[in-house]
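Here are some exercises to work through with the model open beside you. Try each task before you read its solution.

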Amino acid sequence: MLERTSPLNGGTIAVQGRVRTGAAVMAVILCIAVSAGVGCKKPEKKAVKEHAVNVQVGKAESRSLRPFVESVGTLNPYEMVNVSSELDGILQTIHVDEGSAVTSRQVIAEIKETDYRLAVEQAAAILKQAEAALANAKQEHERKEALYREELVTKQQYDDIVARVAVAQGDVERAAAGVDLAKEKLTKTRIHAPMAGSINHKKVTAGDYVRNGTLLVSIIRIDLLKLSFTVSEKDVGSIREGQDVTFTVDAFPGREFRGQVKTIYPTLDEKTRSLQIEAVVANTDRNLKPGLFTRVTLYTGPARETVIVPITALIYDGSITKLFVVQGDRAKERKVRIGRKYGELMEITEGLKAKEIVVTVGQNNLMEGVLVNVAR
């Protein structure tokens with residue numbers, strides 16, 4: 001038993017029971033700790049397995065390709081002319097319809113010629129009258145000239161007959177011009193095609209009264225066509241006359257047509273900053289029609305060796321273009337410089353070599369050095 005002195009009365013107090021209880025509790029805690037294996041040793045850490053990122057890959061290739069510019073355009077007639085009447089009158093006949101093929105100088109319409117034929121006859125009669133007056137004046141001039149030499153007529157009388165001859169000569173010339181004009185108008189009652197081609201529009205029918213300047217038909221030339229398209233400002237420096245052009249149209253799937261650049265417009269469109277180009281296209285079979293929508297490829301240079309990769313391999317980060325290549329089982333980031341687009345492929349001008357393996361699917365989940373699993 002333990003005793004301790006009381007601060008109040010100087011006596012002693014027994015504490016034997018409490019000491020025994022505390023010792024028992026400590027003994028129990030010690031036993032639990034020993035049985036649980038609690039001691040000074042630290043727990044061991046387990047190794048974490050590295051996760052592989054699944055990707056699909058492709059191989060960078062070297063191909064001989066021609067640089068080109070892609071655009072869209074429209075086919076237009078090579079030439080188009082509107083044929084109008086040069087006379088007033090009733091349209092007697094018209095020999096063509098829309099789609100009719102015509103040759104150069106072919107008669108396509110006729111205006112009733114009665115009035116113009118009579119005008120020729122009238123002008124011819126006036127000419128005869130003027131010629132008769134001139135002949136009479138010349139005879140009188142010969143007589144007066146002989147008398148004037150013999151001083152049997154005055155100077156005034158002689159000058160009068162000289163003037164009459166000059167006037168009569170002028171009348172003949174004017175009447176002759178009238179005959180030529182009347183004949184010219186008569187010939188214009190028959191309206192000819194100014195060029196070979198096809199009738200695009202017919203604006204009149206037989207029996208219509210037409211005036212000078214009335215549009216009769218329009219003729220287009222389609223054995224040759226103009227392919228009209230534009231290129232962007234950045235491509236202007238590579239455009240030259242004579243460059244090859246290929247194009248396709250929906251009307252003939254699977255077929256490719258060809259032409260050559262003929263006209264490069266002198267200025268760019270201020271709104272679109274694009275340059276208008278025209279190429280000449282042969283259309284001897286006349287299958288192509290003006291107005292068709294086209295997808296154009298303009299080749300701007302000769303073929304050259306080019307490293308290309310699928311477009312899906314590229315990652316754009318602001319002004320930086322990059323991709324991932326696979327080396328062993330690791331992904332390596334590469335910054336590259338791109339060139340021209342070739343369909344679904346992109347030219348790589350710097351940063352990649354041919355035959356290197358590039359990631360085409362899954363690259364957005366990659367970082368430098370990440371373990372990859374190439375999907376087969």
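**Exercise 1.** Which glycine in the turn of the S20 and S21 hairpin has a positive phi, and how many residues lie between the two strands?

*Solution.* A quick note before starting: this is a predicted model, where local features need pLDDT of at least 70 and side-chain atom pairs count only at pLDDT 80 or more, while totals for chains, interfaces and linings use all residues. Residues are numbered from 1 along each chain as its sequence is written, and side-chain values use heavy atoms, with hydrogens and water left out.

Step 1: get the terms straight. Strands (E, at least two residues) and helices (H or I, at least four) are DSSP runs, numbered from the N terminus. Two strands pair if DSSP finds at least two bridges between them.

Step 2: look at the turn. Two residues sit between S20 and S21, and the glycine is glycine 343, with a positive phi of about 65°.

Step 3: check the pairing. S20 and S21 (residues 345-350) run antiparallel and are joined by four bridges. On S21, isoleucine 348 is the residue opposite isoleucine 338.

**Exercise 2.** Now go to the other side of the turn at S19 and S20: in which sense do these strands pair, and over how many bridges?

*Solution.* Step 1: find the strands. S19 covers residues 320-327 and S20 covers residues 330-342; they pair in the antiparallel sense, over seven bridges.

Step 2: pick out one bridge. Valine 325 has lysine 332 in S20 as its partner.

Step 3: look at the turn. This hairpin has two residues between its strands, and glycine 328 in the turn has a positive phi of about 70°.

**Exercise 3.** Work out the strand order of the open sheet that contains S6, and name its edge strands.

*Solution.* Step 1: recall the principle. Strands of a sheet pair through backbone hydrogen bonds, either parallel or antiparallel.

Step 2: read off the order. The open sheet has four strands, S9-S8-S6-S11, with antiparallel pairing. Its edges are S9 (190-192) and S11 (209-210), each of which pairs on one side only.

Step 3: zoom in on one pair. S6 and S11 are antiparallel over two bridges, and glycine 89 stands opposite valine 210 in S11.

**Exercise 4.** How many salt bridges are there, and where in the chain do the partners aspartate 97 and lysine 202 sit?

*Solution.* Step 1: apply the rule, which asks for a side-chain nitrogen of Lys or Arg within 4 Å of a carboxyl oxygen of Asp or Glu. That gives 23 salt bridges.

Step 2: take the long-range case. Aspartate 97 and lysine 202 meet through their side chains at 2.7 Å, N to O. The pair links distant parts of the chain, 105 residues apart: aspartate 97 is in the loop between S6 (89-94) and S7 (101-102), and lysine 202 is in S10 (residues 197-202). Aspartate 97 counts as partly exposed, at 42% relative accessibility (buried means under 20% relative accessible area, exposed over 50%, partly exposed in between, with a 1.4 Å probe and protein chains only).

Step 3: take a pair within a helix. Aspartate 159 and lysine 155 form a salt bridge at 2.9 Å, N to O. They are about one helical turn apart because four residues separate them in helix H3 (residues 155-187). Aspartate 159 is partly exposed at 32%, and lysine 155 is partly exposed at 46%.

Step 4: add another pair. Glutamate 184 and lysine 188 have their closest N and O atoms 4.0 Å apart. Glutamate 184 is partly exposed at 40%, as is lysine 188 at 27%.

**Exercise 5.** Is serine 274 buried or exposed, and which residues does it touch?

*Solution.* Step 1: place serine 274 in strand S15. At 13% relative accessibility, serine 274 counts as buried.

Step 2: list the neighbours. Leaving out residues up to four places away in sequence, serine 274 touches Thr230, Val231, Leu268 and Asp269 (contact means heavy atoms within 4.5 Å).

Step 3: check how sure the predictor is. On the pLDDT scale of confidence in each residue, from 0 to 100, strand S15 (residues 274-282) is highest in the chain at 97, while S2 (residues 12-14) is lowest at a mean of 41.

Definitions and conventions
pLDDT is the predictor's confidence in each residue, from 0 to 100.
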